Amino acid sequence: PVPEPEAVEPEPEREDAVEPVEEDAAGDEVEGDAPLTCPADMVLAGAVCIDRFEVSRSDATATEPGESDVPVVRAGALPWDNITLEAARAACASVDKHLCTPEEWEDACGGSAASTYTYGDAYEPATCNGPDAFCLCDTPPCADLDTCPYQGCFTRPSPEGGGPCGSDYKITPTGSFPACLNDAGAYDMSGNIFEIVDAGDGSDLFVGGAYDSVDSAAQHRCGF
């Protein structure tokens with residue numbers, strides 16, 4: 001059996017938001033009922049624009065997290081982790097954005113349907129990055145299971161018998177899980193890296209679960 005892993009400190013990433021604007025064909029802001037638009041690296045989720053991908057440092061690659069303090073939003077780079085609330089606020093402000101409030105983040109994660117997870121209401125072990133997605137399904141004691149990965153395959157026996165499977169869990173580059181997105185098109189709001197939100201009281205509030213969440217079915221939820 002695989003022992004229960006020790007608790008680890010969350011590795012947060014920033015989730016930025018800006019207020020959407022109304023523009024005319026020339027890109028000038030207008031009043032009235034014109035369509036709301038967002039910057040190219042963001043999507044409209046509810047009443048705010050939210051980053052399409054987890055934020056990375058500008059010098060991050062698919063294998064190195066980088067060291068720059070300049071935030072960028074792009075696919076295929078390791079996300080910016082281990083950031084403080086103060087630093088996250090400053091990074092957002094440097095690109096004319098603000099750190100999501102808990103309410104903005106939850107609304108964006110669940111999408112228009114207010115779903116339990118960013119992709120829907122039923123937990124799917126392999127849709128977003130968590131330990132279940134990297135369970136060792138091809139090796140004993142799980143190689144002969146009909147269903148693997150299954151919920152909790154990292155640490156729990158399979159309903160079929162066999163397991164737990166263990167896991168080769170890891171942080172992945174942004175956008176690596178193509179089905180892990182909300183209905184607006186924002187990726188990885190469940191799993192990969194804990195996200196830090198701004199409750200306005202100076203507290204460190206982490207949401208969304210992570211690659212190493214022991215109970216991904218609980219921690220990857222949009223509600224908190």
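Which cysteine forms a disulfide with Cys38? The partner is Cys49, with the sulfur atoms 2.1 Å apart; a disulfide here is a pair of cysteine sulfur atoms within 2.5 Å. The model is predicted: local features need pLDDT of at least 70 and side-chain atom pairs pLDDT 80 or more, while totals for chains, interfaces and linings use all residues. Residues are numbered from 1 along each chain as its sequence is written, and side-chain values use heavy atoms, without hydrogens and water.

A search of the whole structure finds six disulfides, including the three tabulated here.

| Pair | S to S | Torsion about S-S | Hand |
|---|---|---|---|
| Cys38 and Cys49 | 2.1 Å | -85° | left-handed |
| Cys128 and Cys180 | 2.0 Å | 100° | right-handed |
| Cys142 and Cys165 | 2.0 Å | about -100° | left-handed |

Cys38 is partly exposed, with a relative accessible area of 25%, whereas Cys49 is buried at 0%. Buried means under 20% relative accessible area, exposed over 50%, and partly exposed in between (1.4 Å probe, protein chains only). Cys128 is buried at 4% and Cys180 at 0%. Cys142 and Cys165 are buried too.

Cys92 and Cys100 are not bonded to each other, because their sulfur atoms are 7.9 Å apart, too far for a bond.

Cys180 is also among the contacts (heavy atoms within 4.5 Å) of Asp188, as is Glu195. Asp188 is buried but has no salt bridge, and the nearest side chain of opposite charge, Arg52, is 12 Å away. A salt bridge requires a side-chain nitrogen of Lys or Arg within 4 Å of a carboxyl oxygen of Asp or Glu; Lys and Arg count as positive, Asp and Glu as negative, and His and the chain ends are not counted.

How values were computed
Lists of a residue's contacts leave out its neighbours within four places in sequence.
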